[in-house]
Each structure stands twice: as C-alpha cells, then as structure tokens.
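User: Please take a close look at a single part of this model and describe how that part is built and what surrounds it. A connected account would be preferred to a list.

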Amino acid sequence: MKNIKSEGPGSIENYLIENLIPYKIFEAEQGQLPSTLEDFTGLIIMGGPMGVYEMDIYPHLKVTSRLIREAINRNLKVLGICLGAQLIAHTLGARVYKGHGEEIGWHEIELTAEGLRDPLMIALAKHPSVGDVWRKFKVFHWHGDTFDLPVDVVHLAKSSFYENQGFRYKHNVYALQFHIEVTRKLLEEWFEDHPLREKILNEAEKINIEYSQRARNFYKAFFEK
C-alpha cells in the first residue's frame with residue numbers, strides 16, 4: 001500500500017530489453033488494458049496504492065482480475081507482484097484484506113519445504129557469488145494488505161510478519177507479495193518524502209548487486225520455463 005502514482009516494472013523491464021523479449025506496458029488505472037490476451041504469451045501484474053477490496057472505487061481492478069482469469073485459462077505465464085499477487089489470490093477465490101500492520105523495508109523471507117523444491121524459487125534463493133541455496137534471505141517489502149492462500153496452490157514463502165509471501169498455481173502462475181523488481185531509481189521515487197528514505201537506500205546500496213542478480217536468475221527461470 002504505497003502513496004505513489006504507479007509502480008513500474010523496474011528490473012523486469014531491464015531483463016526484457018537485454019534479452020530482446022517483446023513486451024507492452026499497460027497502465028491499468030488509466031484504462032490502458034487489452035481487450036484480450038490472444039496475442040500474448042504472458043501477463044505480469046505489478047503493484048499499486050489501492051486494495052483489492054476497493055474494486056468499487058477502482059474498477060480497473062475488476063478488469064485486471066478478468067485478464068488474470070483469461071491468462072490462467074489460456075495457460076500463459078503469469079507473475080503477480082504485491083497488489084498483483086493479491087489480485088491473483090482474489091481471482092483464484094481467496095480473501096484479500098488489511099493486515100495487522102505495514103511490512104516496509106529489507107526483511108527476510110523463508111522458503112517453505114515446497115519453495116525449496118520449486119525451480120524458480122531456488123533460482124531466487126541461490127546466492128549469486130557463493131552458489132548455495134539460502135532458505136532465508138532478504139527481499140524488499142512494502143505492503144499493509146495480505147491474503148489467504150487459494151485452494152490448490154503451493155505455498156512457497158513466508159516471513160516473520162506475514163505467513164503468505166508467495167505461492168504457485170499449477171506450473172505457470174506465480175504470486176509474490178514482495179518486490180523483486182526494485183532498483184535504486186524506483187526506491188528513490190517511492191521514498192522521495194518518506195522518513196525511511198535514507199535507511200532504505202543505504203541498505204539497498206549494500207544489497208543491490210546480490211539482489212539484482214537473484215532477481216535476474218528468477219526472471220531467466222520464469223521466462224524460459
């Protein structure tokens with residue numbers, strides 16, 4: 001739940017450009033959504049400052065949920081981040097609601113037993129330099145909402161603050177509550193007038209190389225899966 005205008009694709013877009021993967025960005029809140037996904041191979045849903053339970057106020061969320069359903073029915077690659085993950089949970093019939101507090105900053109997630117068997121989560125968990133798989137590692141969070149796990153999904157990750165940090169549906173639909181796409185530029189925009197700005201950016205400076213490579217490994221596994 002961020003008081004910002006929009007959340008760009010960050011390092012996801014960088015990966016797509018570098019690997020010559022064609023893509024198109026739609027600003028859902030501005031009504032820029034495709035009428036069908038017939039000509040697409042995947043769908044990535046990013047975050048936003050609204051809640052899934054505010055669909056009456058933000059009707060584009062209903063349209064986005066419909067597109068998620070279409071993507072699932074077409075067996076496309078689907079990735080949801082933060083609000084995107086919550087929308088996937090909603091589309092699969094789970095409850096999305098305000099949590100017990102905001103989770104902001106660089107905090108550890110822990111992979112579940114199922115997460116340690118998932119190839120994409122292993123790609124994210126593998127340390128870029130050392131090469132071993134870390135069950136616990138830091139990711140970036142900024143949310144105050146959470147969700148129940150939908151039926152028939154695989155629970156992938158949790159944190160000490162919120163149990164449901166990630167899940168997979170079937171073999172191709174991934175929902176991550178945390179932000180793997182953050183870059184220095186995005187964080188500067190998000191925290192422009194926030195009291196945690198310096199703390200967040202200082203830690204980002206220390207973790208950036210490792211974190212960006214973890215994210216790239218995840219993207220590689222996701223897009224080549």
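Analyst: In this predicted model, a suitable place to begin is the pairing of Val153, which stands opposite Tyr169 in strand 6. Strand 5 and strand 6 are antiparallel partners, joined over four bridges. On its other pairing, strand 6 runs antiparallel to strand 7, again with four bridges, and here Gly166 is set opposite Leu176 of strand 7. The hairpin formed by strand 6 and strand 7 has three residues between the strands, and in it Lys170 adopts a positive phi near 55°.

The side chains of a regular strand alternate between the two faces of the sheet. Strand 6 can be read in these terms: Gly166 and Arg168 point one way, Phe167 and Tyr169 point the other way, and all of them are buried.

Strand 6 (166-169) and strand 7 (173-176) also bear on helix 2, since both are among the elements that cover its buried residues; strand 1 (42-45), strand 2 (77-81) and helix 3 (83-91) are included in that cover as well. Helix 2 spans residues 60-73, which makes 14 residues, and it reaches 20 Å from its first C-alpha to its last, close to the 20 Å expected at 1.5 Å a residue. Its buried residues are His60, Leu61, Thr64, Ser65, Leu67, Ile68, Glu70, Ala71 and Ile72. After helix 2 comes Asn75, with a positive phi near 60°.

Two of the covering strands are paired with each other: strand 1 and strand 2 associate in the parallel sense over four bridges, with Gly42 opposite Lys77 in strand 2. Strand 2 is largely enclosed by the rest of the structure, because four of its five residues are buried.

Charged residues add a further layer to the picture of helix 2. Side chains of opposite charge can pair when their charged atoms come close. Arg74 forms a salt bridge with Glu70, in which the closest N and O atoms are 2.8 Å apart. The two partners differ in exposure: Glu70 has a relative accessible area of 14% and is therefore buried, whereas Arg74, at 40%, is partly exposed.

The structure holds 13 salt bridges, and two others may be set beside this one. Arg95 pairs with Asp148, the closest N and O atoms lying 3.4 Å apart. This pair links distant parts of the chain, 53 residues apart: Arg95 belongs to the loop between helix 3 and strand 3 (96-111), and Asp148 to the loop between strand 4 (136-147) and strand 5 (153-158). Asp148 has a relative accessibility of 28% and so counts as partly exposed.

Glu210 forms a salt bridge with Arg214, with 2.9 Å between the closest N and O atoms. Glu210 and Arg214 are separated by about one helical turn, because they are four residues apart in helix 6 (residues 197-224). Glu210 counts as partly exposed at 23% relative accessibility, while Arg214 is buried, its relative accessible area being 1%. Elsewhere, salt bridges that share partners join Arg66, Glu70 and Arg74 into one network.

Definitions and conventions:
Residues numbered from 1 in each chain as written. Predicted model: local features only at pLDDT ≥ 70, side-chain atom pairs only at ≥ 80, totals over all residues. Heavy atoms only, no water. Expected span 1.5 Å × (residues − 1). Buried < 20%, exposed > 50% of the residue type's maximum accessible area, 1.4 Å probe, protein only. Contact = heavy atoms within 4.5 Å. Salt bridge = Lys/Arg side-chain N within 4 Å of Asp/Glu carboxyl O. Pairing = 2+ DSSP bridges.
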